[in-house]
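Please open the structure in your viewer and keep the selection panel at hand. The tour below goes stop by stop, saying what to select and what is there.

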Amino acid sequence: MDTLGRGSPWSSGAKVSDDFLTPLFVSYFQRLGLPNLMHKSNFHQLAKYVPEDEIDPEVTQKLDSIVEVAEGARSIGPT
């Protein structure tokens, strides 16, 4: 991205899914001569390869909050 004048993929203003990952996988699969098997809708699959100690604590906090709300909604059930 820096070579393209787009700054770092790690900067706060970067939209990594569009600015970095999509072009990366397009290039990767082109070089292999294969169809692109990693579309934006599948990027969540990459999370399991990130070491837990490298995940920002804010991400864990937000996900824990989502789980808490979902569990609360489940316990209330439909009205």
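What follows is a walk from the whole chain to its aromatic rings, then to a leucine and a set of charged side chains.

**The whole chain**

Bear in mind that this is a predicted model. Show the protein chain as a cartoon: two helices and zero strands appear. Colour by burial next, and buried residues make up 11% of the 79 residues. With the surface switched on, the accessible area is about 6,800 Å², and 58% of that belongs to carbon and sulfur atoms.

**The aromatic rings**

How many aromatic pairs does a search of the whole structure find? There are three. Select F25 and F43 to see one of them: the ring centres are 6.0 Å apart and the planes stand at 35°, so the pair is tilted. This pair links distant parts of the chain, since F25 is in helix α1 (residues 16–32) while F43 is in the loop between α1 and α2 (57–76), 18 residues apart. Are these two residues buried or exposed? F25 is buried, with a relative accessible area of 13%, and F43 is buried at 11%.

Add Y28 and F29 to the selection. Their ring centres are 5.1 Å apart with the planes at 80°, so this pair is edge-to-face. F29 is buried, at 10% relative accessibility, whereas Y28 is partly exposed at 45%. Keep the four residues on screen together: ring pairs link F25, Y28, F29 and F43 into a cluster.

**A leucine in the loop**

Now select L46, which is in the loop between α1 and α2. Which residues does L46 contact, leaving aside neighbours within four places in sequence? They are L21, F25 and M38; F25 is also part of the ring cluster. L46 itself is partly exposed, with a relative accessible area of 26%.

**The charged side chains**

Clear the view and select K15, D18 and K40. The count here is two salt bridges. D18 forms a salt bridge with K15, in which the closest N and O atoms are 3.3 Å apart. D18 also meets K40 in a salt bridge, at 3.0 Å from N to O. The pair of K40 and D18 links distant parts of the chain: K40 is in the loop between α1 and α2, D18 in helix α1, and they are 22 residues apart.

Turn on the surface again to check exposure. D18 is partly exposed at 33% relative accessible area, K40 is partly exposed at 42%, and K15 is partly exposed at 45%. As a last view, show K15, D18 and K40 as one network of salt bridges.

Key:
Residues numbered from 1 in each chain as written. Predicted model: local features only at pLDDT ≥ 70, side-chain atom pairs only at ≥ 80, totals over all residues. Heavy atoms only, no water. Helix = DSSP H or I, 4+ residues; strand = E, 2+ residues; numbered from the N terminus. Buried < 20%, exposed > 50% of the residue type's maximum accessible area, 1.4 Å probe, protein only. Areas by Shrake-Rupley, 256 points an atom, 1.4 Å probe, with all protein chains shown as cover. Phe/Tyr/Trp six-rings, centres within 6.5 Å; stacked < 30°, edge-to-face > 60°. Contact = heavy atoms within 4.5 Å. Salt bridge = Lys/Arg side-chain N within 4 Å of Asp/Glu carboxyl O.
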